[in-house]
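Good morning, everyone, and thank you for letting me take a few minutes of the meeting. Please have a look at the structure first, and then I will walk you through it.

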Amino acid sequence: MNDILIQNTTKYFQETFGSQPSQVVLSPGRINIIGEHIDYNDGFVLPAAIDKIICFAFEKNNSNTSKIVAIDLNDTFEIDLSAEVQHDEKVWTNYIRGVIQQLKNNGFQFEGVNCVFSSSIPVGSGLSSSAALECGFLFGMNELFNLNIKPVDIALMGQKAEHWVGINCGIMDQFSSVMGLENKVIKIDCRTLEYTYHDANFSDYSLILFDSNVKHSLMTSAYNERRQQCEEGIAIVKSNFPAISSFRDCTPQNILDLKDKMSADVFKRSLYVVKEINRVILACEALDKGNIELLGQLMFETHDGLSKDYEVSCDELDLLVDLAKKEEAVIGARLMGGGFGGCTINLVKKGNEEAIKAEFTKHYFDAFGIELKIYDVKIGNGTSNYKHN
Ligand code: ADP
Ligand code: MG
């Protein structure tokens, strides 16, 4: 599938600029296997890059103006690199502007490029097309102008570019897009940014995402409220257990002991966070032993926690996970991302994919009158130069 994307992007470049690109870059989206609402709680996440990508074709144009084409939007913008970088009402251009602003801020020397890009990552479904866009463009600039930016710093600058756009994201999305490896998940310690790779040997299973195709407006307010409740929770923990400075050093019993000192909501949120951090550790152990069934069970537990204790699910996502629990062929499922819509991630026994997809599509439509969108994903490599076979 990506072969055609790469061919089309290269061809488009040639038709637009009259030459072959000197650089072709592939930059993936990501999934998160387990570890949800944990990045801002000093815990661990377990993401992986996927085989859905943005393909960029580049050349230097020996001027001080960059010309960038978003093929999928049939839209072009030019930016004068000698002027101060400004935000624009065309949102997609801000991700590129944010990267250019970062390069300038850090004193890198570069000139204008011609660039076209096109994508196989669904936009706005929680697969981080935005991180792929920032990190892929930055990776290309790094190669073209020999800037010697290390991969981890590409991720960090990508994150800052997204902050510049106005989205206060953690590091997970950019980190997984840049650092991903085929058939590996990355355990990222969100407190220290230390990371380890773990084998994700899913050979008997397929990863299927069911996109609920809904986005409830509660998302932003609930996110801010959860962050605040977690801060309140950890403050109560610290004042009662001075040796503990973050949720990852707590046991569930510590939180249970404080039940009377917390509001009902703060108690539930805190308990979820402590249990979820522990589930990520258990998930890595399960992967290291090749015990995918156990990983699946942990994913179901995460969903229950997100739904009942963290309360960031919705009827649509709960139905999709309930369906998964009833199907013997689905060994794990949970909502992925912030919640209140977006996708569920499912581990499905090989050979059952088409039957499961048909079943879910029908039930989902019967319940909500909404078409389910479905994405098959495989774990792929991080941002890289395209190499011809
Ligand atoms: P997600 O990262 O989950 O896909 P976001 O809302 O964070 O969703 O980022 C999506 C935005 O990124 C789009 O609204 C658009 O501005 C930009 N973007 C992503 N993919 C493309 C693309 N192929 N072409 C142009 N802009 C894109
Ligand atoms: Mg995004």
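Let me begin with how helices are compared here: an axis is a line fitted to C-alpha atoms, for helices over the stretch in contact, and an angle runs from 0 to 180 degrees between N-to-C directions. Helices and strands themselves are DSSP runs, numbered from the N terminus, where a helix is H or I with at least four residues and a strand is E with at least two. What we have is a predicted model, in which local features need pLDDT of at least 70 and side-chain atom pairs count only at pLDDT 80 or more, while totals for chains, interfaces and linings use all residues. Residues are numbered from 1 along each chain as its sequence is written, and chains are lettered from A and ligands numbered from 1 in the order in which they are written.

With that in hand, let us look at three records from UniProt, whose positions are given in the numbering used here, with shortened feature names, and whose annotations may be inferred rather than shown by experiment. An unreviewed entry lists residues 12-58 as "domain: Galactokinase N-terminal", and that span is 51% strand and 13% helix, with its end C-alpha atoms 11 Å apart. The record also gives "domain: GHMP kinase N-terminal" for residues 94-180, where the chain is 59% helix and 8% strand. For residues 285-364 the record has "domain: GHMP kinase C-terminal", and there the chain is 57% helix and 19% strand, with the end C-alpha atoms 34 Å apart.

Now to the packing of α3, which is residues 129-144, against α4, which is residues 151-165. Their axes come within 9 Å and cross at roughly 125°, and the two helices are therefore oblique to each other, given that angles under 35 degrees count as roughly parallel, over 145 as roughly antiparallel, 65 to 115 as roughly perpendicular and the rest as oblique. Among the residues that make this contact are S130, E134 and L138 of α3 and I154, A155 and G158 of α4, where contact means that C-beta atoms, placed from the backbone, lie within 7 Å.

Helix α4 also meets α5, residues 172-179, with axes that come within 8 Å and cross at roughly 145°. On the α4 side this contact uses P151, I154, A155, G158 and Q159, and on the α5 side Q174, F175, V178 and M179.

Further along the chain, α10 (residues 315-326) and α11 (residues 353-368) pack at an angle of about 145°, with their axes 11 Å apart. Their contact includes L319 and L320 of α10 and F360 and Y364 of α11.

Finally, which residues come nearest to ligand 1? Of the 16 residues around ligand 1, they are A70, W92, S119, S129 and S130, where a residue is near if its C-beta atom, placed from the backbone, lies within 6 Å. Both α2 (91-105) and α3 each supply at least two residues of this shell.

Note on methods: Contact = placed C-beta atoms within 7 Å.
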